[in-house]
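Subject: Structure for your files

Hello,

Here is the structure we talked about, with its sequence. My notes on it follow below.

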Amino acid sequence: MKKIKLSDRLELSQVVMGCMRIADAGITEKELLALVEACLDMGVTSIDHAPVYGGYTCEKIFGDAVLRKRPELREKMQLITKAGIVCPGHEGNRTIYYNSTKAEILKEMDQSLEKLGTDHVDLLLIHRPDPLADPAETADALETVVKEGKALHVGVSNFMPSQTAMLQSCLSIPLVTNQVELSVKNTENFFNGVVDDAFTRRIPLMAWSPLGGGEVFCSQEEKFARLRSVLTEIAEEHGASMDEVMYAWLFRHPVRIAALTGTMNVNRIRAAADAADLELSYDEWYRILEASRGFSVP
């Protein structure tokens, strides 16, 4: 499994196990532990969480099934979590909102560590840009969790370049990644400055929903029919699956992208891992881009 270097002290596996669906997957603790062990064996050593996943349950499910059962596995993995989303009803609120205050970030950090069953995470991300945030206060919170050893590195998620620049301007430590939506379905972040900003900062990106949320496989919309046709043709030429081609399309980009799986199916995760060895040509990459956008480049 290829590694994505974020700093001198942190490398992520190019395929990251995403844990958003643990609560909905209907798997037992034993099955979850077996899945994590299988991921580690195939080199998928980075594991992504967030407090709000599964209605605030996924981190604890993981901690109970994995790290409290097999604490020695902690040394083999890189744990990622996030902070800053408050779901309806969690604080007596009637609507979802983002909260990047210092008090909220420190509170969520401690709660995540307790649920996960660890004393630190390797990477903490601000989950969404908060329009009410004071960047100096958010920066103070991030520096505090790093100083206390609760998070070894920090980054952002779903940030635009100006938002990243604003927060970084208040920090004495680097933001090491931006986790954004990227897939053959959603190519916007390749052209709106997000990828350019990552190059400028010399940081890799993390891609959530790298398979486009499943629409590529089943939607009858014209866009997805075009994509299926091209992806199937390229997959057959390489003796690969559509999954592998969609992951390989992301991995082909020189910005360096780590892709988050959204499945509890070990075979689907293995397909993502196999895609790290599938290199698409320029022509294949642009054919997929053209099918997604519905027009060729000028």
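**Phe 191 and its surroundings**

Leaving out residues up to four places away in sequence, Phe 191 touches Leu 289 and Arg 293. Please keep in mind that this is a predicted model. Phe 191 sits in the loop between β10 and α6 (194-201). Its relative accessibility is 46%, so Phe 191 counts as partly exposed, the class between under 20% (buried) and over 50% (exposed). Arg 128 is 63 residues from Phe 191 in sequence, and the two C-alpha atoms are 20 Å apart in space.

**Pockets**

The largest pocket holds about 520 Å³ of space. It is lined by 27 residues, and those closest to its centre are Met 20, Arg 21, Trp 208, Ser 209 and Gly 262. By type, the lining of the largest pocket consists of ten nonpolar, twelve polar and five charged residues.

The second largest pocket has a volume of about 150 Å³. Its lining includes Leu 6, Ser 7 and Arg 9, as well as the run Ile 173, Pro 174, Leu 175 and Val 176. Val 146, Leu 152, His 153, Val 154 and Ile 203 also line the second largest pocket. Two elements, β1 (3-7) and β10 (175-181), each give two or more residues to this lining. Here the division is nine nonpolar, two polar and one charged.

**Cores**

In soluble globular proteins, nonpolar side chains tend to be buried together. In this model, the largest nonpolar core has 87 residues. Met 17, Phe 62, Val 66, Met 77, Leu 124 and Ile 288 are the residues with the most contacts inside it. Helix α9 (residues 242-251) gives the most to this core, namely eight residues. A second, separate core has twelve residues, among them Leu 6, Leu 10, Ile 80 and Leu 260. Leu 6 therefore appears twice in these notes, as a member of the second core and as part of the lining of the second largest pocket.

What does Met 17 touch, leaving aside its neighbours within four places in sequence? Its contacts are Leu 32, Leu 35, Val 36, Cys 39, Val 44, Ser 46, Ile 47, Asp 48, Thr 261 and Met 264.

**Strands**

Met 17 belongs to strand β3 (residues 15-18), which is covered on both faces. Val 15 and Met 17 are on one side, Val 16 and Gly 18 are on the other, and all are buried. β3 pairs with strand β12 (residues 257-261) in the parallel sense, over three bridges. In that pairing, Val 16 stands opposite Leu 260 of β12. β3 also runs parallel to strand β4 (residues 46-48), with three bridges between them. The bridge partner of Gly 18 in β4 is Asp 48.

Strand β9 (residues 154-157) is buried as well: Val 154 and Val 156 point one way, and Gly 155 and Ser 157 point the other way. Val 154 is also one of the residues that line the second largest pocket. Strand β8 (residues 123-126) runs parallel to β9 and is joined to it by three bridges. Leu 125 stands opposite Gly 155 in β9.

At the start of the numbering, β1 and strand β2 (residues 10-13) run antiparallel and are joined by four bridges. The bridge partner of Lys 5 in β2 is Glu 11. The hairpin that joins β1 to β2 does so through two residues.

**Two residues with positive phi**

Most residues other than glycine have a negative phi. Two residues are worth listing against that background.

- Tyr 56 is not a glycine, yet its phi is positive, at about 70 degrees. Tyr 56 lies in the loop between β4 and α2 (58-67). Its relative accessibility is 15%, so Tyr 56 counts as buried, which requires a value under 20%.
- Arg 256 also has a positive phi, near 80 degrees. Arg 256 lies in the loop between α9 and β12. With a relative accessible area of 31%, Arg 256 is partly exposed.

Regards

How values were computed:
Residues numbered from 1 in each chain as written. Heavy atoms only, no water. 1 Å grid on protein atoms, 1.4 Å probe; cavity = no way out; pocket = protein on both sides within 12 Å on 5 of 7 lines; lining within 4 Å. Points joined across faces, edges and corners; volume = space filled by probe spheres on them. Nonpolar A, V, L, I, M, F, W, Y, C, P; charged D, E, K, R; others polar. Core = buried A, V, L, I, M, F, W, Y, C linked by side-chain atoms within 4.5 Å. Buried < 20%, exposed > 50% of the residue type's maximum accessible area, 1.4 Å probe, protein only. Contact = heavy atoms within 4.5 Å. Pairing = 2+ DSSP bridges.
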